[in-house]
Every structure is written in C-alpha cells, then in structure tokens.
Amino acid sequence: MSPYKSVRWFSGKISFLLDKRAAKVFVIMVLAAAMVFIVSTGTGDMKISPLSVIQVLFGGGTKMEQLVVTNFRLPRIIIALMVGVSLAVAGGILQGMVRNPLASPDMLGITGGAAVAVVGFLAFFSDKNNALTVSIKWLPLAAFVGAGFIALLVYFLAWKNGVSPIRLILIGIGLSALTQALTTLMMILGPIYRASQANIWITGTVNGSNWDQVMILVPCTVLLVGATFIMARNMNVQELGDEIATGVGGHVQRQRFYLMIISTALIGSSVAFAGGIGFVGLMAPHMARRLVGSSFGALLPVSALIGGILVMLADLIGRSLFSPLEIPAGVFTSAIGAPYFIYLLFKTRNS
C-alpha cells in the first residue's frame, strides 16, 4: 500500500502527493497544541476548567471568567504560540539552507543582534534616575532592527561569488560571539536595574503580553509562515546541493536570500515580543524530522506546532510550578533542550 495519496483540486490545476503518516502526525500535533492551549488558559491563581475555557472562547462563561481569560491570559498564550511557531519555522529554514542540523537563530547571531539592540536601548535611553527617556513601546522595533542588521551583515560577509552554507555558518558563529560580548559590555556599563531587566528579556519571557502585541505578531507570523510553506519545494531541492539545484532550474542565490529574509523576519518579530527564548529553533525541527522525515512540506508544519507547544508548556511551567514566583519561559526551553540533545548524541553513537 502506497504511503502517499494523490490530491487534486480545481480540476487538477493544483495537485500534490500527501504523505499519509505525516498527515496523521500533523493532526495529532494540532490536537496536542489545542489541548495545551486550553489547559494553559485555565491554569493560574484562578483555576478554570477546560470546558469553561472553551465556553469563554465561544462567548459564554461568567463575567469573571471572561475577564481573566480574555484580558489576562489569552494574549500571553497566543504570543507564546506564535513565538514558538516562528522560532521553529525559522530554525527549520536555517537548517535546510545551511545544510547543517546544528544551525539555529542563536548560532547565526540573529538572536544576538536583537539582544544587543535591546540592551543598548535600555542602557542608553535611561537617565540617572533609571527612568527611560523614550517610550518602552519602541523596544520591539529595536529588537527587530538589531536582528535584521546582523542577518544582513552575516549574508553580505558570507558572499563570495554567491553565499555558500559553510561560509554562512562560520561568519554567523563569529558574529554571534561578537554580539554576546557587546551585550555583556553594555549590561556592565548600563544602570544595574536596567541590566537586570535586560537579563530577564534575554532569557526569554512572554510576561506582560497584551492584545496590541497580538494584533501585530499574529498577522506577521501567518504571512511569513505561509510564504515559507510556498517555498518548501525550493528548500527540498537545495538540500541536494547547489549544483543539482541550479541544474534543475533553481535560482539558488535568489531563493537563499529570500529564505534568509523570511527567517530573519520570523526571528526578529518573535524576539521583539518575547525575548531570546533559546533552543526552540534548534530543537523543534529535530523532533519533527524524527516524526515525519526531512521533506520540508511535512517538516515545517510539524516543526511549527512542536515549537508552539514547547513555548506554551515552558510558559505554563514557569508561571504555575513556582507560584507566586514567575520563571521566564526561556529557562525551561533550555532545560528541555539540553537533555534532549544529550539523548540524541547517545542514540546516534549507539546506532
């Protein structure tokens, strides 16, 4: 029995092969993400049952439940979901583009660029009384600009008759180390209070999310992830090497540039609203690859769902397990990521 099913829409104008196993995994991940979303929405100082959460989402429930869910919890959880999706898809793009399973937003310095911009913003726009001289609303823009600047710098420094994956990752590692050094320097030179605030942001947290941020992040994420899915076929061809991709008619350098822009925008938008949540962009594509294989048409959607689940779970643990203290979500994504890669190492050695 064939593992694929032929799908034809609009009298054959749109046709593709559907991987049955990947489709089953995708459906399971959608259900898992929905379950985590509902449980997370109902968890907090005021416990709300999953059924009541569903009723509130469809306009029912008590006024108090509507207030807690709609005003306080939903924006935070939606931001966590979108951030996880963005980081996972960006990680999948970078791993495919660089053809290196260790490629990630952190390794290429893009997250570090956002961190430098944020720490610089907090350090240089604070007066002697530790008050910001400009609105904090400009902080996401600073993070986005920092991520974009480093991404473009990595790309152009790696250019030599085109951008090769090995040059891209070597330049990225160098700039990543530089951004870490600059971030540490500015945290030392800046006010102590701002350094503490910057450190929490660098670790990664969705605390303080609001509907204004949701209205910006959700459309951006949907648009960018949709563009990535459209380019999935090009990414599959690039996996075969530049010569083969060029031989079958692919514009390798142009496609690589577009993929770099998309991944940078995904990383910049997520880091702008949730800080430097680590390991998601590295870990989620690995998990998805073990479930559905390396074809990007299946890999990217499953990676996106795994990333969203990881960040929502990390945020849920951080705000419930140690209550009344609140631990940044980035602490738990790193705590999950490190043992997972040790497990992968031992599994690889034993296989």
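Q: Where in this predicted model is Phe279 found?
A: Phe279 is found in the loop between helix H11 (252-274) and H12.

Q: Why is Phe279 called partly exposed?
A: Its relative accessible area is 26%. Buried requires under 20% and exposed requires over 50%, so Phe279, at 26%, is partly exposed.

Q: What is stated about phi of Phe279?
A: Phi is near 75 degrees, a positive value in a residue other than glycine.

Q: Which residues line the largest cavity?
A: Phe279 is one of the lining residues, along with Leu87, Pro105, Asp106, Thr111, Ile277, Val280, Gly281 and Leu282. Helix H12 (residues 280-292) gives the most to this lining, with 3 residues.

Q: What makes the lining of the largest cavity divide into 6 nonpolar, 2 polar and 1 charged?
A: Leu, Pro, Ile, Phe and Val count as nonpolar and Asp as charged, while Gly is placed among the polar residues. The lining includes Asp106 and Gly281, so Asp106 counts as charged and Gly281 as polar.

Q: How many cavities of 30 Å³ or more does a search of the whole structure find?
A: The search finds 2. About 50 Å³ of space lies in the largest.

Q: Why is Thr228 called buried?
A: Thr228 has 0% relative accessibility. The cut-off for buried is under 20%, and therefore Thr228 counts as buried.

Q: Where does Thr228 lie, and which residues is Thr228 in contact with, leaving aside its neighbours within four places in sequence?
A: Thr228 lies in helix H8 (residues 211-230). Those contacts are with Val89, Ile93, Met235, Ile262, Leu266 and Leu300.

Q: What makes the approach of the Thr228 side chain to the backbone oxygen of Leu224 a polar contact?
A: The side chain of Thr228 reaches that oxygen at 2.9 Å. A polar contact needs a pair of N or O atoms within 3.5 Å, one able to donate a hydrogen and the other to accept it, so the 2.9 Å distance falls within the cut-off.

Q: How do you know what span to expect for helix H5 (residues 139-157)?
A: The expected span is 1.5 Å times one less than the number of residues. With 19 residues, H5 is expected to span 27 Å, and its reach from first C-alpha to last is 27 Å, close to that value.

Q: Which residues of H5 are buried?
A: They are Leu139, Pro140, Ala142, Ala143, Gly146, Ala147, Gly148, Ile150, Ala151, Val154 and Tyr155.

Q: What does the secondary structure of the chain come to?
A: It comes to 14 helices and 2 strands. Of the 351 residues, 49% count as buried.

Technical notes. Residues numbered from 1 in each chain as written. Predicted model: local features only at pLDDT ≥ 70, side-chain atom pairs only at ≥ 80, totals over all residues. Heavy atoms only, no water. Buried < 20%, exposed > 50% of the residue type's maximum accessible area, 1.4 Å probe, protein only. 1 Å grid on protein atoms, 1.4 Å probe; cavity = no way out; pocket = protein on both sides within 12 Å on 5 of 7 lines; lining within 4 Å. Points joined across faces, edges and corners; volume = space filled by probe spheres on them. Contact = heavy atoms within 4.5 Å.
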